[in-house]
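Visitor: I would like to go through the labels given to this model and hear the grounds for each.
Guide: Then let us have the structure in view.

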Amino acid sequence: DVGLARALPEGGTHITTQVSGTPGFIDQYYQTTHHFDASCDGFSFGVVLLMLLTGRQTHEGGEILNEFCMGRGADVLRDFSCGWPLSVAEEVLSVAQKLIMIPRRDRITIPEARRRLEAAAAAHAANPPGQGGAVERECIICWAPPTVRFGCGHSFLCDGCLGAFLAKQEPCPHCGAAVEQGQIEQGAHVAQQDTFVAPPR
């Protein structure tokens, strides 16, 4: 869509055009009024950030991505093994939600979004996992301490999120092993152990 870019007249706040762009990335305001301004670009960028976080298309399963993600937290992450650091995932999600806000007057600007993303990246780079001591482990859904270990030896869920994960009947996202309820270990002691503990033979 960069090829559709137009320069604003000096002192102008928006331009009026025929609606052009990729469905799912077009701001509803622009679709309705044909007025395009910087916040419409911000909306599109916010949708791209949500796609990166969730692994979802803009329209999927009868849901529109930006509507699906508004007001949500860590549960928007589809791929539990993607390795988003807690602080980075939270900030990227917050920035994306602020870019697609309705009403539009509550949106942040693209320069502000850039500053926030750069600050999150810099903070993570200054204290990467595995550096400067032990890294606190978190449930991949809600980021509480992980208190559940599967039979394969992997631990990445808390007790509160176990039911939702089991309902999906998915394998372990780390190794692909089938999850059997009879082999699940639970308890606060799990959070004090490594992410992987070899199961007894």
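The questions below take up burial, ring pairs, cysteines, salt bridges and a surface patch.

Visitor: What kind of model is this, and how many helices and strands does the chain have?
Guide: It is a predicted model. The chain has six helices and seven strands, and from the N terminus the elements run β-α-β-α-β-β-α-α-α-β-β-α-β. Of its 201 residues, 33% count as buried.

Visitor: Why is Ile-26 called buried?
Guide: Its relative accessible area is 15%. Buried means under 20%, so Ile-26 is buried. The residue is found in the loop between strand S1 (15–16) and helix H1 (28–33). Its C-alpha atom is separated by 8.5 Å from that of Asp-41, 15 residues apart along the chain.

Visitor: What makes Phe-150 and Phe-156 an aromatic pair, and of which kind?
Guide: Their ring centres are 5.1 Å apart, and the rule asks for centres within 6.5 Å. The planes are at 90°, and over 60 degrees counts as edge-to-face, so the pair is edge-to-face. Phe-156 also pairs with Phe-165, at 5.7 Å centre to centre and 75° between the planes, again edge-to-face. Phe-150, Phe-156 and Phe-165 form one aromatic cluster.

Visitor: Are these rings buried or exposed?
Guide: Phe-150 has a relative accessible area of 5% and Phe-156 has 3%. Both values fall under 20%, so both residues count as buried. Phe-165 is buried as well.

Visitor: Why is Cys-139 not counted as part of a disulfide with Cys-161?
Guide: The sulfur of Cys-139 is 3.9 Å from the closest cysteine sulfur, in Cys-161. A disulfide needs sulfur atoms within 2.5 Å, so this pair is too far for a bond. The structure holds zero disulfides. Cys-139 is buried, at 0% relative accessible area.

Visitor: What makes Asp-27 and Arg-107 a salt bridge?
Guide: Their closest N and O atoms are 2.7 Å apart. The cut-off is 4 Å, so the contact qualifies. The pair links distant parts of the chain: Asp-27 is in the loop between S1 and H1, and Arg-107 is in the loop between helix H4 (86–99) and helix H5 (110–126), 80 residues apart. Asp-27 is buried at 3%, and Arg-107 is buried at 10%.

Visitor: How do you know that Arg-56 forms a salt bridge with Glu-63?
Guide: The closest N and O atoms are 3.5 Å apart; this is within 4 Å, so the salt bridge counts. Arg-56 also lies over the face of Phe-68, at 3.9 Å from the ring centre. Arg-56 counts as buried at 16%, whereas Glu-63 is partly exposed at 35%.

Visitor: Why is Arg-114 called exposed and Glu-118 partly exposed?
Guide: Exposed means over 50%, and Arg-114 is at 56%, so it is exposed. Glu-118 is at 44%, which falls between 20% and 50%, so it is partly exposed. The two form a salt bridge with closest N and O atoms 2.9 Å apart. Both lie in helix H5, four residues apart, about one turn of the helix.

Visitor: Which residues make the nonpolar surface patch?
Guide: Phe-45, Val-48 and Leu-52 make a patch of about 250 Å². Leu-52 lies in helix H2 (residues 38–54). At 55% relative accessibility, Leu-52 is over 50% and therefore counts as exposed.

Technical notes: Residues are numbered from 1 along each chain as its sequence is written. This is a predicted model: local features need pLDDT of at least 70, side-chain atom pairs count only at pLDDT 80 or more; totals for chains, interfaces and linings use all residues. Side-chain values use heavy atoms; hydrogens and water are left out. Rings of Phe, Tyr and Trp (its six-membered ring) pair if their centres lie within 6.5 Å; planes under 30 degrees apart count as stacked, over 60 as edge-to-face and the rest as tilted. Buried means under 20% relative accessible area, exposed over 50%, partly exposed in between (1.4 Å probe, protein chains only). A charge sits over a ring if NZ of Lys or CZ of Arg is within 6 Å of the ring centre and within 35 degrees of the ring normal. Patches are made of residues with over 30% relative accessible area and no salt bridge: like charges are joined within 9 Å, nonpolar side chains (Val, Leu, Ile, Met, Phe, Trp, Tyr) within 5 Å. Accessible areas come from the Shrake-Rupley method with a 1.4 Å probe; for residues, only the protein chains shown count as cover. A salt bridge is a side-chain nitrogen of Lys or Arg within 4 Å of a carboxyl oxygen of Asp or Glu. Helices (H or I, at least four residues) and strands (E, at least two) are DSSP runs, numbered from the N terminus.
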